[in-house]
Amino acid sequence: TITTTNTPALSLDINARPAIKIQLNTGGGSFPWHYDNPGPPNLRALTCVVYLNPTWKGGDGGEIVLWPFLSKSTKVSPLHRRAVLFYSDRVLHRVLPSKKRRVCFTIWSPGTNVNSKRDVALSKDVLQFTNYDQAVQFFSQSPLQRVISRAVYSEEYLESLLECIEGTRGGDGEDAASASESVSSAEKERVVKQHNASVMSIVSKLRPLIDEFRRRKECIENEHAN
């Protein structure tokens with residue numbers, strides 16, 4: 001499954017070895033919204049996740065959710081032998097809490113033109129748009145979306161962060177049910193403060209753009225909810 005609204009050029013480094021990670025979740029684990037390539041010196045260009053869950057069934061959790069910038073999100077079940085591929089530096093994604101054992105391995109293929117200056121520095125020269133439609137088109141195809149996505153998807157980022165820290169304290173059954181109680185209010189408050197500070201540092205510089213992108217995100221969500 002390849003999920004993205006655009007197909008930017010992808011130049012893989014065939015001379016470099018890809019990184020591979022095998023992952024086992026026994027239940028309760030999840031991952032917040034993130035990019036597999038958050039910026040330099042990371043060289044990841046393409047992510048491939050392969051699932052090994054022969055007994056997985058609906059309701060077991062552990063789905064990966066892909067959210068191309070200002071597009072409809074897609075939830076993909078971790079079915080046995082299913083492979084999910086996406087751009088490492090421009091597809092926001094997360095993993096939902098798993099209620100059962102979940103196994104996968106991930107392959108990150110490096111690229112030859114990853115994290116160039118034009119992909120990491122959000123300068124005034126970049127923000128030369130005559131209308132917001134041009135801005136949407138640009139950011140949906142550019143890794144620069146990483147600079148502003150936490151502000152555009154602020155509520156979703158924070159919700160997933162809190163869900164993850166609660167999930168790390170629990171597992172199956174009663175442990176999972178009491179997980180949120182075991183996370184101190186001080187720890188939650190710390191996460192919220194760090195998140196809000198990060199968001200405000202972006203919004204303070206780009207408020208009109210962020211406000212418009214948030215409005216469009218809500219319109220897309222409402223359109224697909226009806």
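## Overall surface and composition

The protein chain exposes about 12300 Å², and carbon and sulfur atoms supply 52% of that area. The model is predicted. Its protein chain has 7 helices and 8 strands.

Of the 226 residues in the protein chain, 44% are buried. Contacts between residues at least 6 apart in sequence were also examined, and 82% of them join residues at least 24 apart.

## Strand E8 and its partners

Strand E8 spans residues 102-110. Because 7 of its 9 residues are buried, E8 is largely enclosed by the rest of the structure. Strand E1, residues 19-25, pairs with E8 in the antiparallel sense over 7 bridges. Strand E3, residues 44-51, also runs antiparallel to E8 and is joined to it by 7 bridges.

Individual residues illustrate both pairings. On the E1 side, Ile22 stands opposite Phe105 in E8. On the E3 side, Val49 stands opposite Thr106 in E8.

## Ile22 in strand E1

Ile22 belongs to strand E1. With a relative accessible area of 70%, Ile22 is exposed, because the threshold for that class is over 50%. When residues up to four places away in sequence are not counted, Ile22 touches Cys104 and Phe105. Phe105 is thus both a contact of Ile22 and the residue that stands opposite Ile22 in E8.

The C-alpha atoms of Ile22 and Val103 are separated by 7.6 Å, although these residues are 81 apart along the chain.

## Helix H2 and the loop that follows

Helix H2 covers residues 132-141, and its buried residues are Ala135, Val136, Phe139 and Ser140. These four lie on the same side of H2, because they cover an arc of only 125° around the axis. In an α-helix there are 3.6 residues a turn, so residues three or four places apart point the same way. The buried residues of H2 pack against helix H3 (145-152) and helix H7 (185-225).

Polar contacts are found at the start of H2 and in the loop after it. At the start of H2, a side-chain oxygen of Asn131 comes to within 3.1 Å of the backbone nitrogen of Asp133. Ser142 is located in the loop between H2 and H3, and its side chain reaches the backbone nitrogen of Leu144 at 3.0 Å. Ser142 has a relative accessible area of 6% and is therefore buried, the limit being under 20%.

## Ile210 in helix H7

Helix H7, against which the buried residues of H2 pack, contains Ile210. Ile210 counts as buried because its relative accessibility is 0%. Leaving aside residues up to four places away in sequence, Ile210 touches Ile148, Ala151, Val152, Ile202 and Val203.

Val152, one of these contacts, is 58 residues from Ile210 along the chain, yet the C-alpha atoms of the two are separated by 5.9 Å.

## Cysteines

A search of the whole structure finds 0 disulfides. Two cysteines may be described by their accessibility. Cys48 counts as buried, because its relative accessibility is 16%. Cys219 has a relative accessible area of 41% and is therefore partly exposed.

## Backbone features in the loops

Most residues other than glycine have a negative phi, and most peptide bonds are trans. Several loop positions depart from these patterns. Pro40 and Pro41 are joined by a cis peptide bond, with omega at about 5°. Pro41 lies in the loop between strand E2 (31-34) and E3.

Leu70 is not a glycine, yet it has a positive phi of about 50°. Leu70 lies in the loop between strand E4 (64-68) and strand E5 (74-76), and it counts as buried because its relative accessibility is 9%. Arg81, likewise not a glycine, has a positive phi of about 70°. The position of Arg81 is in the loop between E5 and strand E6 (83-87). In contrast to Leu70, which is buried, Arg81 counts as exposed because its relative accessibility is 70%.

Note on methods. Residues numbered from 1 in each chain as written. Predicted model: local features only at pLDDT ≥ 70, side-chain atom pairs only at ≥ 80, totals over all residues. Heavy atoms only, no water. Buried < 20%, exposed > 50% of the residue type's maximum accessible area, 1.4 Å probe, protein only. Helix = DSSP H or I, 4+ residues; strand = E, 2+ residues; numbered from the N terminus. Arc of directions from axis to C-beta. Contact = heavy atoms within 4.5 Å. Polar contact = N/O pair within 3.5 Å; in protein donor to acceptor, adjacent residues only side chain to side chain. Pairing = 2+ DSSP bridges. Disulfide = S-S within 2.5 Å. Areas by Shrake-Rupley, 256 points an atom, 1.4 Å probe, with all protein chains shown as cover.
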